[in-house]
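Work through the exercises below with the model open. Try each task before reading its solution.

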Amino acid sequence: MCVYNAKGLNLNNNSIALNFTDVIYKFNQMKIICVGRNYAEHVKELGNQQNSEPVVFLKPDTAIPQKDMPFFYPGFSNDVHHEIEVVIKINRVGKNIAPKFANTYYDEVTVGIDFTARDLQAELKSKGLPWEISKGFDGSAIVGSFVSKSQLPALNNLEFRLLKNSMLVQHGHTSMMLFDVDTIIAYVSKFYTLKKGDLIFTGTPAGVGPVQIGDVLEGYLMDRKLLSVCIK
Ligand code: MG
């Protein structure tokens, strides 16, 4: 039997005793916060409704593959989709952040791919169940190289795109977001304390589609190629 108390955590008879500050600081992992349905054309292509507030879900840190590893097509899906997204990195701790101060909580921006097991997601959605596993599985969060926001136009004026086997498949512009980055930060920080190193995937534009083993995906932010991933 596991016993939890205010001073620590004891697991069965294996004298593991950690107090909560150890738990918090020794296992200080970052989190990946994702926004869904943030571009009207993408909401339409999946037959979803626009929401009056951002649709938020999390991926665990294990969704980020080890450096330079390919994306390994998971055995539990036959319909993995690419979703190119602008990603921001949180630079300090914040809670209940006001929209007007939200821009002081990030310095760096990139593009990422929110890989989605669309068949699994559809099945779970149809049952009214949470669809986290279709989004948060190992390797599902590809993160490009970060660029200082000082080297980029304003965050609401960024063009980004995804090439599959050198063909353009998704092309977005952050001005088309239904909820801009600062609104997203204000909203999610009502529920989750943001910490340095946390990532926010800000939603995908239209053009999501399946990937196959052998595909090569390349993500661009403005004229910068910031990610490249092979499907194995
Ligand atoms: Mg997405």
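The exercises go from the whole chain to one loop residue and then to one sheet; the model is predicted.

**Exercise 1. Survey the protein chain: how many helices and strands are there, and what percentage of the residues is buried?**

Solution.
- Start with secondary structure. The protein chain has five helices and 17 strands.
- Turn to burial. Of the 232 residues, 35% are buried.
- Finish with contacts. Among those with a separation of 6 or more, 75% link residues 24 or more positions apart.

**Exercise 2. Place glycine 197: is it buried, exposed or partly exposed?**

Solution.
- Locate glycine 197. The residue sits in the loop that runs between helix H5 (181-191) and strand S14 (199-201).
- Count its surroundings. There are 14 other C-beta atoms within 10 Å, so glycine 197 is partly exposed. A buried residue needs 20 or more, and an exposed one has 12 or fewer.
- List its partners. Leaving out residues up to four places away in sequence, glycine 197 touches Met30, Lys89 and Ile90.
- Check one partner. Isoleucine 90 is 107 residues apart from glycine 197 along the chain, yet their C-alpha atoms are separated by 5.4 Å.

**Exercise 3. Trace the open sheet of four strands: what is the strand order, and which are the edge strands?**

Solution.
- Read the order. The strands run S13-S12-S16-S17, with antiparallel pairing.
- Find the edges. Strand S13 (167-173) and strand S17 (224-230) each pair on one side only.
- Take the angle. Ignoring direction, neighbouring strands of this sheet are turned by 15° against each other on average.
- Zoom in on one pair. Strand S16 (residues 216-221) and S17 are antiparallel and joined by six bridges. Leucine 217 faces valine 229 in S17, standing opposite it.

Definitions and conventions
Residues numbered from 1 in each chain as written. Predicted model: local features only at pLDDT ≥ 70, side-chain atom pairs only at ≥ 80, totals over all residues. Helix = DSSP H or I, 4+ residues; strand = E, 2+ residues; numbered from the N terminus. Contact = placed C-beta atoms within 7 Å. Pairing = 2+ DSSP bridges. Axes fitted to C-alpha atoms, helices over the stretch in contact; angles between N-to-C directions.
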